[in-house]
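Please open the model in your viewer and keep the selection tool at hand. The tour below moves from the whole chain to single residues, and each stop says what to select and what is there.

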Amino acid sequence: PDREGEVIGWHIKEILHHPNIVRVSYSEITAAAVNKAIANPRDLDLNLVGSGLARSCLDKLVGFKGSPLVWRLGAKSVGRVQSAVLHLVCNREREIQNFKPVDYFSVFVDYGQGFRAYYDSGGLLTPQNPNSKQEEKPEQESSRIYQRQDAENLVEIAKNNPHKITRIERKTISKKPPPPFITSSLQQAAGSKLSLSPDKTMKLAQTLYERGLITYMRTDSVALSEEFCTSARQWLQEKDPDNVPQKQTKFKSSKGSQEAHEAIRPSNLSYPSAQLKQEVSTEEFNLYLLIWKRAIASQCRPALIAKTTALTKSGEVTWKAKGQVVQFHGYARYWQNLSADNQLPILKENQPLTLSKADLEQKQTSPPSRFGEPQLIALMEKKGIGRPSTYSSAVKTIKSRSYVKLTKKKLFPTELGMAVDSFLEQVLFELISAEFTAKMELSLDQIAKGEKQWQP
């Protein structure tokens with residue numbers, strides 16, 4: 001059930017000239033789903049056909065009329081989605097080339113009680129780098145200080161004044177389970193956990209789908225069928241009763257998702273894994289397991305994390321230490337995305353502390369990092385460039401055209417890629433701007449809903 005499927009159906013109807021052709025569609029290959037689909041056929045949806053034809057006409061116009069413009073650069077093609085994706089990679093490269101690193105200092109104290117605290121600018125100084133936006137600081141460093149003298153002064157204050165705890169905050173937070181996979185999140189997770197390229201991920205997922213092991217893998221909806229949610233609940237009640245939530249977990253899809261399919265999930269939760277291992281390749285099995293774990297995790301209880309923040313003081317300077325302990329793993333038994341435990345000792349307010357060390361570390365701001373394929377796909381999704389069915393093919397195209405190369409899992413634009421992007425910036429800027437592509441997807445959605453005609 002998607003536009004491509006509808007257009008294929010329409011083409012077949014045009015060729016066969018049969019008076020009563022109907023369309024049957026299903027998003028999982030299971031006996032129940034196929035029988036139900038055949039029992040409920042429908043007419044072709046000409047709005048969906050129009051949307052599919054509009055997309056393919058537009059892509060051909062851009063490709064056929066735009067490509068000759070770059071031939072003299074030694075390039076092969078431009079394309080509505082591929083050129084917008086190339087632009088993201090080239091823009092990031094320019095940001096890296098223009099980046100000027102700034103030195104800064106992180107100041108910390110170690111206490112005899114067995115924990116480290118970092119300088120917190122809620123105290124004496126509020127240092128700001130005049131040339132930069134407020135940075136997100138990593139957990140393991142203090143508020144940033146840009147003058148060595150200021151940092152050294154803080155170390156001196158720490159060494160020459162007694163330390164005590166001024167405030168302790170304890171709270172338990174609950175972390176919700178992640179939603180089941182959609183195309184983009186599957187490609188990202190398979191990239192980071194299994195080192196698979198988006199293209200390879202989709203080929204393996206296609207095989208799993210054709211074998212009837214998972215639901216359709218090109219989707220942007222996080223919704224799950226009632227049938228699956230019920231079977232997941234039953235599975236948890238039998239195998240992991242502590243993890244059954246009070247009520248069924250529902251996820252909201254992002255604005256603009258087509259929702260023609262449900263999320264990617266196993267067709268049958270209880271398929272014996274020993275049997276499956278015999279039937280599919282190791283890579284297919286690992287991808288199936290990833291999909292299975294994420295689907296079951298989405299139906300579990302939240303994780304509970306106890307967080308502690310201790311503020312200490314020496315003179316007028318405040319230091320901060322943070323600790324956290326997972327109290328209940330919940331969904332993380334199946335999908336681990338929690339930070340490691342970092343336990344603070346038992347502390348109480350006004351407790352005096354023994355300073356064992358006060359020091360500073362010199363650091364440097366880092367340039368933005370280059371995209372790996374999973375990060376690029378996440379950005380495409382965020383900016384509304386392309387659709388689930390085109391994410392992996394767009395990335396594959398810019399690699400096969402030698403516009404970008406993959407080195408140590410990062411995408412680098414080639415000289416040719418940069419030349420093509422600079423040229424398009426001058427002559428067809430609208431085409432490569434993410435806004436144009438996203439607006440286009442919106443228009444295609446309106447055609448699919450019958451709110452717009454496709455030919456204009």
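The secondary structure of the protein chain comes to 15 helices and 9 strands, where helices (H or I, at least four residues) and strands (E, at least two) are DSSP runs numbered from the N terminus. This is a predicted model, in which local features need pLDDT of at least 70 and side-chain atom pairs count only at pLDDT 80 or more, while totals for chains, interfaces and linings use all residues. Residues are numbered from 1 along each chain as its sequence is written, and side-chain values use heavy atoms, with hydrogens and water left out.

**The whole chain**

With the full chain in view, the C-alpha trace spans about 90 × 65 × 45 Å along its principal axes. Of the 456 residues in the protein chain, 47% are buried; buried means under 20% relative accessible area, exposed means over 50%, and partly exposed lies in between (1.4 Å probe, protein chains only). The chain exposes about 24,100 Å², and carbon and sulfur atoms supply 51% of that area, as computed by the Shrake-Rupley method with a 1.4 Å probe, with only the protein chains shown counting as cover for residues. Among contacts (heavy atoms within 4.5 Å) between residues at least 6 apart in sequence, 76% join residues at least 24 apart.

**The start of the chain**

Select helix α1, residues 3-16, where Leu 16 is found. Leu 16 counts as exposed because its relative accessibility is 53%. Together with Ile 8, Ile 12 and Ile 15, Leu 16 forms a nonpolar patch on the surface, with about 420 Å² of accessible area in total; such patches are made of residues with over 30% relative accessible area and no salt bridge, nonpolar side chains (Val, Leu, Ile, Met, Phe, Trp, Tyr) being joined within 5 Å and like charges within 9 Å.

Move next to His 17, which is found in the loop between α1 and α2. Most residues other than glycine have a negative phi. His 17, although it is not a glycine, has a positive phi of about 50 degrees, and at 69% relative accessibility His 17 counts as exposed.

**Salt bridges**

Side chains of opposite charge can pair when their charged atoms come close. How many salt bridges does the count come to? The count is 27, a salt bridge being a side-chain nitrogen of Lys or Arg within 4 Å of a carboxyl oxygen of Asp or Glu.

Select Arg 23 and Glu 6, which form a salt bridge whose closest N and O atoms are 2.8 Å apart. Arg 23 lies in the loop between α1 and α2 (31-39) and Glu 6 in helix α1, so the pair ties together parts that are 17 residues apart in sequence. Arg 23 counts as buried at 12% relative accessibility, and Glu 6 is buried too, with a relative accessible area of 0%.

Now select Arg 80 and Glu 441, which form a salt bridge with the closest N and O atoms 3.8 Å apart. This pair links distant parts of the chain, since Arg 80 is in helix α4 (residues 80-97) and Glu 441 is in helix α15 (residues 434-448), 361 residues apart. Arg 80 is buried, with a relative accessible area of 2%, and Glu 441 counts as buried at 2% relative accessibility. To see the wider setting, add Arg 3, Arg 55, Asp 59, Arg 387 and Asp 445, which are linked with Arg 80 and Glu 441 in a network of salt bridges.

For a pair within one helix, select Lys 203 and Asp 199, whose side chains meet in a salt bridge (3.1 Å, N to O). Both residues lie in helix α7 (residues 198-210), 4 residues apart, about one turn of the helix.

**Later stops**

Select Thr 309 in strand β4 (residues 303-314). Is Thr 309 buried or exposed? Thr 309 counts as buried because its relative accessibility is 19%. Leaving aside neighbours within four places in sequence, Thr 309 is in contact with Arg 167, Ile 168, Glu 169, Lys 320, Ala 321 and Lys 322.

Go on to Asn 350, in the loop between β5 (317-328) and β6 (352-353). Phi of Asn 350 is near 70 degrees, a positive value in a residue other than glycine, and Asn 350 counts as exposed at 53% relative accessibility.

Finish at Gly 384, found in the loop between α11 (373-383) and α12 (391-400). Gly 384 is partly exposed, with a relative accessible area of 23%. Not counting residues up to four places away in sequence, Gly 384 touches Thr 437, Ala 438 and Glu 441.
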